[in-house]
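Reader: Hi! Could you take me through one part of this model up close? I'd like to look at the sheet and what packs around it.

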Amino acid sequence: MSEMTSSSPVPHAGDADSGRLTGLLVRAATGRDGQVWSDLWTELYHNGSLDVSHPLVLPALTDMAEGDDADTAAAALHLAGALLVQADQRYETRTLRDQHAPEVARLLAAANRWRQATDDRNGYCHLLETVLNLEGDIQWAEDLIWGIVNEEYELECPDPDGCTALWVIIGERGFFSAPEDYALSDDAETLPLHPADPGTLDGLGRRLHELALADGHEGVAHALTLAFGEATCPQCQRRFSVAGQLAARWS
């Protein structure tokens with residue numbers, strides 16, 4: 001993190017939380033304090049969402065993202081992306097992105113650099129999410145990537161009458177849809193997923209799939225064909241788009 005000098009942005013006088021937040025940012029930059037990231041998220045969480053009113057936050061996170069410590073950079077990028085997305089949602093404007101356009105550009109470049117360098121599957125997925133968050137083009141990136149990392153989605157059948165809730169499983173347990181209570185039953189019906197043909201993917205699905213392949217994450221690429229493919233409701237047998245139901249939460 002760049003040294004905080006007299007020429008650095010400073011919080012308004014009388015900001016009682018300023019010193020504590022600045023101290024947390026300094027601790028985070030050392031790369032030797034795992035607890036500090038939890039403390040930072042807590043410190044920035046106000047009124048139901050993350051808040052980035054302190055003028056040092058994004059510049060400090062940007063410096064950390066451009067450093068040489070992979071874990072520190074990943075944590076800084078994750079927090080920065082979340083801050084920007086929540087600001088978009090909270091204020092329904094891109095003002096914060098516009099005000100911090102130089103930092104956002106640097107953060108995005110760092111996220112893409114680390115994305116191409118990481119071998120860890122889940123770390124890679126979180127960097128994909130961060131890239132989307134920094135670009136500001138998608139609201140449901142967190143839901144999409146959460147399911148890839150945790151190997152499951154909890155969804156509602158798209159039937160307009162509210163058919164049922166169900167699970168879509170993508171991972172070591174297999175690739176199937178199942179009733180909401182399948183984990184409680186040994187004989188719960190499961191139905192196979194229908195992955196998208198990579199050649200027919202378009203838009204975001206095609207882009208993410210191509211990135212994962214180019215970056216050597218074939219397992220993530222396969223999971224994405226399932227996330228952008230179709231599942232079957234175990235109650236009404238209706239086939240539906242998994243990604244479409246994720247996106248519907250934000251419509």
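Author: Sure! Two strands count as paired if DSSP finds at least two bridges between them; strands themselves are DSSP runs of E with at least two residues, helices are runs of H or I with at least four, and both are numbered from the N terminus. Keep in mind that this is a predicted model, where local features need pLDDT of at least 70, side-chain atom pairs count only at pLDDT 80 or more, and totals for chains, interfaces and linings use all residues. Residues are numbered from 1 along each chain as its sequence is written, and side-chain values use heavy atoms, leaving out hydrogens and water.

Now, the sheet. It's open, with 4 antiparallel strands in the order 3-4-5-6. Strand 3 (152-156) and strand 6 (191-192) sit at the edges with a single partner strand each, so one side of each has no neighbour in the sheet. Strand 6 pairs with strand 5 (residues 174-179) in the antiparallel sense over 2 bridges, and Phe176 has Pro192 in strand 6 as its bridge partner.

Helix 10 (residues 218-227) packs on this sheet, touching strand 3, strand 4 (165-171) and strand 5. A contact means heavy atoms within 4.5 Å. The direction of helix 10 makes about 155° with that of strand 4; axes are lines fitted to C-alpha atoms, for helices over the stretch in contact, and angles run from 0 to 180 degrees between N-to-C directions.

And one residue to zoom in on: Leu144 touches Tyr153, Leu204, Leu208, Ala227, Phe228 and Leu246, not counting residues up to four places away in sequence.
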